[in-house]
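Subject: Structure for your review

Dear colleague,

Please find below the structure that I am handing over to you. My notes on it follow directly after the sequence and coordinates.

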Amino acid sequence: MVRRSREIFAGELEIKIFCLLNRTRVGGITVIYSGIAGSEGITAGKAYVFRKHQTEIDAVSVASAAIHTELDKLSEGIALSRTQLVRLKEKVEKELDESKAQIFEAHRMMLEDPEFIDAVKNEISSNSISAASAVKKVTEDYLAIFEQMEDDYMRERAADIKDVSSRLTRNILGISAWDLFSISSPVIIVAHDLTPSDTAMMNKEFVLGFTTDVGGRTSHTAIMARSLGIPAVLGLGNLSEKIKDGDDLIIDGIEGKLIVNPDERQKEHYDKKIEQFKTHRKKLAETALFPAETLDGKRVEIFCNIGMPNDIQSGAANGAEGVGLFRTEFLYMNNHALPSEEEQYEQYRKSAELLQGKPLIIRTLDIGGDKKLPYLPIPEEMNPFLGWRAIRICLERRDIFRSQLRAILRAGIHGNIQIMFPMISGIGEVREAKKVIEEVKEELRQEHAAFNETIPVGIMVEIPSAAITADAIAKEVDFFSIGTNDLCQYALAVDRMNPKVSGLYQPLHPGILRLIKNVIDASHKNGKITGMCGELAGTEEACVILLGLGLDEFSMSATSIPVIKDIIRSVTFKQAQEIATHALELETPEEVLEYSRSKLNEIRRDLVSGG
Ligand code: PEP
Ligand code: MG
């Protein structure tokens, strides 16, 4: 939330040591750390430290007498890796589906490949190096061969080889397994960073909360935590190096605090806060299913953002009236190869059917930036968020784009599906992308395949040049959806992932408000609508201003919906317009924030007093 990312922390670590004299504490000293409040909620549990970079190893020579020991370590490492892979396969088979489980079977086969094992043994014996160094050397040799292969499928197998090799290395070195998928008891994950693919693979049933050293409120880790309703505190500096597995933790995702080894007094305090939070949530839930209508009858739409079809249920339970953003990259990240057209079609169709005619805005692949695919090599870039991303990749890799468009168009006959392009910088890209849709439609016609001929097409407005030229683009599209997460990072030149500059990431900056107004006005002049699927749409302090600016649709993490609906139902549209007009005249983000907070308090007071 704006308030929290501004006020708290700018990446600084505030450490207070409590209880040095407190005899009731158990375990180590209580320490409170401050970070960025990434996802609301409070939880307590044991730490599970996720250290994926521990497998970086240098070549280690061993004395010839130790060669046998290294060969034994290799055999034990292989045996343990085999057991883990078999377990993972069974788990995925049970909890996801059989096709996804096959990847672990393939990994087991690679692990047991006699040629691979012989090559490693040979390295150990002939070059007198440690088992871990030998695995590293043989893996590098394999990778060099695979990465040069012409065939995409074979090239993509390089990622699997890396995966198998790093599992084996960890097991040889005795580093505790960091498979987020194999967690089998409730824990709080403590990590340097969690990529979207890490979070996609984790066993969510047992994840009570996250803390990370890096990341900001609009990083995909925070977005994922919010959509799962899991408390998260991010931007904690190098904390993951200090916390040990099994440490007692409390995460306060409202204030952005992490309490390590709390004493009895702290535990009592937080038990009360947990109860208060639950009561507050319960109260909001009572009205979450009501329409988002102002006191004077202006109706707006409240949608949810999803990463997978299953998120639709939690959206609906929180009062979502549709899906304003389906981040399809999660379908790709949950796979070990590009998902086929058929696989995608099934997921889109399932989502449309679950929504029973309510809108489903499917965003085409938005990979790049902080979202990587292990099987789609993206060259190292100086500035990944300014690099080969999203529509730029799709317009180049037409094979990937066309297969996704075919799946969406075909699923379009099963519900109210709309297509949305990410990272559009200008009208040229819109025309080019629409041309591909037309080509794909023609192909489907030739095949006599059933598809939606009149599917609406919109764009995300998340690059300032698109926001500024929205009047021209509005003529080419059916709708806009403002992606404030990226729009802010590009317009304010503030990396959304970097806690060091998170204090400068101010979505209520007057410059951003003017861009938003420009987009909404341009769409309305052309008879189109504007939604917002960036995190600002679910931010309490922004809600009344956005409503007053004329935003037609708000799309957010499911758990933010009840409070946003509550605010919209507490004001008149006229009041919201006056507040927006005044906010636009203010000069600094601080003034806008202070003003919007004071107005929000007034609205809530009036409501309580019946005024
Ligand atoms: C955005 O940029 O606001 C957005 C919704 O897209 P993402 O967060 O996936 O980049
Ligand atoms: Mg974006």
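The notes below go from the chain as a whole to the ligands and then to individual residues.

Please bear in mind throughout that this is a predicted model.

Overall chain

The chain has 611 residues, and 57% of them are buried. Its secondary structure consists of 23 helices and 17 strands. Of the contacts with a sequence separation of 6 or more, 68% join residues that are 24 or more positions apart. The chain exposes an area of about 25,600 Å², and 53% of this area is supplied by carbon and sulfur atoms.

Ligand 1

Ligand 1 is surrounded by 17 residues, and the closest are Arg-327, Arg-363, Gly-483, Asn-485 and Arg-496. Three arginine side chains deserve a separate mention. Arg-327 places a polar side-chain atom 2.8 Å from an oxygen atom of ligand 1. For Arg-363, a polar side-chain atom is likewise found 2.8 Å from an oxygen atom of the ligand. In the case of Arg-496, an N or O atom of the side chain is 2.8 Å from an oxygen atom of ligand 1. Taken alone, the ligand exposes 290 Å², of which the protein buries 100%.

The magnesium site

Ligand 2 is a magnesium ion, and its protein donors are Glu-462, through OE, and Asp-486, through OD, at 2.0 to 2.1 Å. Glu-462 belongs to the loop between strand 14 (457–461) and helix 16 (464–468), while Asp-486 is part of helix 18 (residues 484–491), so the two donors tie together parts of the chain that are 24 residues apart in sequence. Both residues fall under the 20% limit for a buried residue: Glu-462 has a relative accessible area of 2%, and Asp-486 has one of 3%.

Cysteines

How many disulfides does the chain contain? The count comes to zero, the criterion being a pair of cysteine sulfur atoms within 2.5 Å. Two cysteines may be noted here for their burial. Cys-488 is buried at 1% relative accessibility, and Cys-533 is buried with a relative accessible area of 1%.

Asp-252

Asp-252 is located in strand 8, which covers residues 248–252. Is this residue, Asp-252, buried or exposed? Its relative accessibility is 0%, so Asp-252 counts as buried. A polar atom of the Asp-252 side chain lies 2.9 Å from the backbone nitrogen of Ile-254. Beyond its neighbours up to four places away in sequence, Asp-252 touches Gly-41, Ile-42, Val-233, Lys-257, Tyr-270 and Lys-273.

Thr-572

Thr-572 sits in the loop between helix 21 (561–568) and helix 22 (573–585). With a relative accessibility of 24%, Thr-572 counts as partly exposed. Which residues does Thr-572 contact, leaving aside neighbours within four places in sequence? They are Thr-294, Leu-295 and Asp-296. A further distance concerns Val-544, which is 28 residues from Thr-572 along the chain: the C-alpha atoms of the two residues are separated by 9.6 Å.

In returning to the model, you may wish to begin with the two ligand sites. The magnesium ion has Glu-462 and Asp-486 as its protein donors, and ligand 1 has Arg-327, Arg-363 and Arg-496 among its closest residues.

With kind regards

How values were computed. Residues are numbered from 1 along each chain as its sequence is written. Chains are lettered from A and ligands numbered from 1 in the order in which they are written. This is a predicted model: local features need pLDDT of at least 70, side-chain atom pairs count only at pLDDT 80 or more; totals for chains, interfaces and linings use all residues. Side-chain values use heavy atoms; hydrogens and water are left out. Donors are N, O and S atoms within 2.8 Å of the metal (3.2 Å for Na, K and Ca); water is not among the atoms, so sites may look incomplete. Helices (H or I, at least four residues) and strands (E, at least two) are DSSP runs, numbered from the N terminus. Buried means under 20% relative accessible area, exposed over 50%, partly exposed in between (1.4 Å probe, protein chains only). Contact means heavy atoms within 4.5 Å. Accessible areas come from the Shrake-Rupley method with a 1.4 Å probe; for residues, only the protein chains shown count as cover. A residue is near a molecule or strand if one of its heavy atoms lies within 4 Å of it. A polar contact is a pair of N or O atoms within 3.5 Å; within protein, one must be able to donate a hydrogen and the other to accept it, and residues adjacent in sequence count only if both atoms are side-chain atoms.
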